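User: Please take a close look at the sheets in this model and at the helices packed on them. A plain description of strand order, edges and pairing is enough, with a short note on what lies outside the sheets.

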Amino acid sequence: MAAYAAITTTMTPHTILVVDDDDDIRFALSLLLEQAGYRVVEADGPSQCMQLLCRLTPALVLLDMNFTRDTTSGKEGLALLEQITPLDIPVMLMTAWANIELAVTGLQTGAKDFIEKPWRKEKLLSQIANHIKPITTQPTQSDWIAYSSAMQSLNTLITQLAPTDANLLILGENGTGKSQLAKRIHQLSARSEAPFVSLNMGAVAESLFESELFGHHKGAFTDAKQDRTGAFSRAKNGTLFMDEIGTLPFHLQPKLLQVLETGEFTPLGANNSEQVNVRLIAATNQDLASAITNGQFRQDLYYRLNTFVITLPALRERKDDILPLAAHFINQFAGKYNKSPCTLSLSVEELLCNHSWPGNIRELSHVIERAMLICTQSVIELAHIMLDSQTSKSQLIPQLTLEELEKQRITDVLQQHNQQITAAAKSLGISRNALYRRMEKYQLEGFDE
């Protein structure tokens with residue numbers, strides 16, 4: 001079997017939002033910061049700044065104090081700072097006039113730091129570094145596998161979507177890896193160092209939905225013996241993945257819609273609302289359009305969830321990924337069960353590639369795990385493969401003639417016995433001479449013991 005490696009990724013650069021009405025200032029800062037390894041987004045005033053913050057979560061905001069010409073009061077900057085502070089994003093203030101009183105007011109309002117224009121490059125970069133964790137540039141291993149054309153196209157799409165804060169809806173059959181895709185998007189986003197919280201809506205009892213999403217205070221209901229932090233709070237500044245979103249009870253859907261529209265929610269038993277900045281990624285294998293028609297899912301919520309819809313292909317639609325995925329699972333379960341990694345025989349490779357995989361990647365994982373548990377050799381053979389259906393056999397056998405089946409069987413056995421003729425002949429139940437004749441017929445190679 002060919003050697004496959006999982007795709008490696010690097011950490012996305014930290015994003016800095018520069019807010020200044022001076023084009024030259026924004027250009028100079030962008031040039032300086034990009035050379036230092038940061039990703040820069042620009043806004044020319046308060047309105048554009050808040051529009052961007054509805055879609056992005058930068059690691060830092062560099063905020064000018066004045067946006068109206070000939071104004072030196074700093075009131076505009078302070079007013080904008082008051083809007084940014086609840087989002088829990090570090091802010092550094094900038095002003096062209098040395099004003100200690102203004103700086104103190106800004107720090108009291110929630111700014112992390114203050115710098116005067118014109119700045120010294122080294123000082124500015126040092127101050128920024130103090131408020132942003134070091135950028136990780138070392139490659140990390142990922143179990144995200146995308147060799148097929150279908151997955152390569154998907155890769156291109158998520159590379160474009162991940163840096164934004166658009167709400168995403170992932171569609172796909174059970175077992176296709178929707179949660180893995182959501183994690184991948186989070187890793188490629190500007191929120192990668194913030195929490196990724198996954199919530200399987202189908203596994204939550206209806207009576208606990210509200211508590212799971214928004215949390216509760218002690219005494220909010222009979223069994224509320226202590227405070228509980230909800231999923232939205234745990235995902236603060238990060239990503240909340242809601243799998244099986246179609247199972248969300250209809251009476252709770254307006255509350256979720258309100259959070260998506262305002263960023264505010266009230267935990268059960270609380271008197272005051274909370275505000276969080278969370279990116280939502282939802283997933284389902286259900287037909288939400290039919291659920292809307294049947295009155296089971298709100299259309300306005302659907303439109304809030306599906307700023308962009310991503311359809312994850314089934315495993316049968318990405319056949320070039322089957323063997324790389326199998327290799328990944330072999331290594332994974334070899335480590336889990338403290339065994340040496342195995343290879344797949346040619347007949348097993350053929351079987352796996354021709355199976356329809358109704359259970360998708362989850363089914364493949366279970367098949368490889370069972371094979372690793374019972375395989376005591378270095379090669380996984382057909383006898384080790386236990387599929388949940390017989391479709392693979394009916395798909396494989398008609399494609400091979402008797403001679404092709406014989407050649408394949410001899411090749412597998414020779415591979416299993418390291419090309420040793422005597423052992424292979426004994427396993428096949430024929431003499432050495434008979435095996436030699438067949439090897440000559442099929443132009444196969446081996447060696448004597």
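Analyst: What follows goes through one sheet, then another, and ends with a loop residue and a surface patch. The model is predicted, not experimental.

One open sheet has five strands in the order S3-S2-S4-S5-S6, and its pairing is parallel. Its edge strands are S3 (39-43) and S6 (113-116), each of which pairs on one side only. From one strand to the next, the twist averages 20 degrees. At the S6 edge, strand S5 (residues 91-95) is joined to S6 by four bridges, and the two run parallel. Within this pairing, Met92 has Asp113 in S6 as its bridge partner.

Two helices lie across this sheet. Helix H1 (residues 23-35) lies across strand S2 (15-19), S3, strand S4 (60-64) and S5. The direction of H1 is at about 165 degrees to S3, which is an edge strand. Helix H5 (residues 121-131) lies across S2, S4, S5 and S6. H5 runs at about 170 degrees to S6, the strand at the other end of the order.

Another open sheet of five strands follows the order S9-S10-S13-S8-S14, again with parallel pairing. Strand S9 (196-200) and strand S14 (308-311) stand at its edges; each has a single partner strand, so one side of each is left without a neighbour in the sheet. Ignoring direction, neighbouring strands here are turned by 20 degrees against each other on average. S9 pairs with strand S10 (residues 239-243) in the parallel sense, over five bridges. In that pair, the bridge partner of Ser198 is Phe241 of S10.

Helix H6 lies across strand S8 (168-171), strand S13 (279-284) and S14 of this sheet. The angle between H6 and S14 is about 155 degrees.

The loop leading to H6 holds Ile145, placed between strand S7 (140-141) and helix H6 (149-161). Ile145 has a relative accessible area of 4% and counts as buried because that value is under the 20% limit. In sequence, Ile145 and His328 are 183 residues apart, but 8.8 Å separates their C-alpha atoms.

Outside the sheets, a nonpolar surface patch of about 260 Å² is made by Leu373, Ile374 and Met386. Leu373 belongs to helix H15 (residues 360-374). Its relative accessibility is 48%, so Leu373 counts as partly exposed.

Key
Residues numbered from 1 in each chain as written. Predicted model: local features only at pLDDT ≥ 70, side-chain atom pairs only at ≥ 80, totals over all residues. Heavy atoms only, no water. Pairing = 2+ DSSP bridges. Axes fitted to C-alpha atoms, helices over the stretch in contact; angles between N-to-C directions. Contact = heavy atoms within 4.5 Å. Patch = residues over 30% accessible without salt bridge, like charges linked within 9 Å, V, L, I, M, F, W, Y side chains within 5 Å. Areas by Shrake-Rupley, 256 points an atom, 1.4 Å probe, with all protein chains shown as cover. Salt bridge = Lys/Arg side-chain N within 4 Å of Asp/Glu carboxyl O. Buried < 20%, exposed > 50% of the residue type's maximum accessible area, 1.4 Å probe, protein only.
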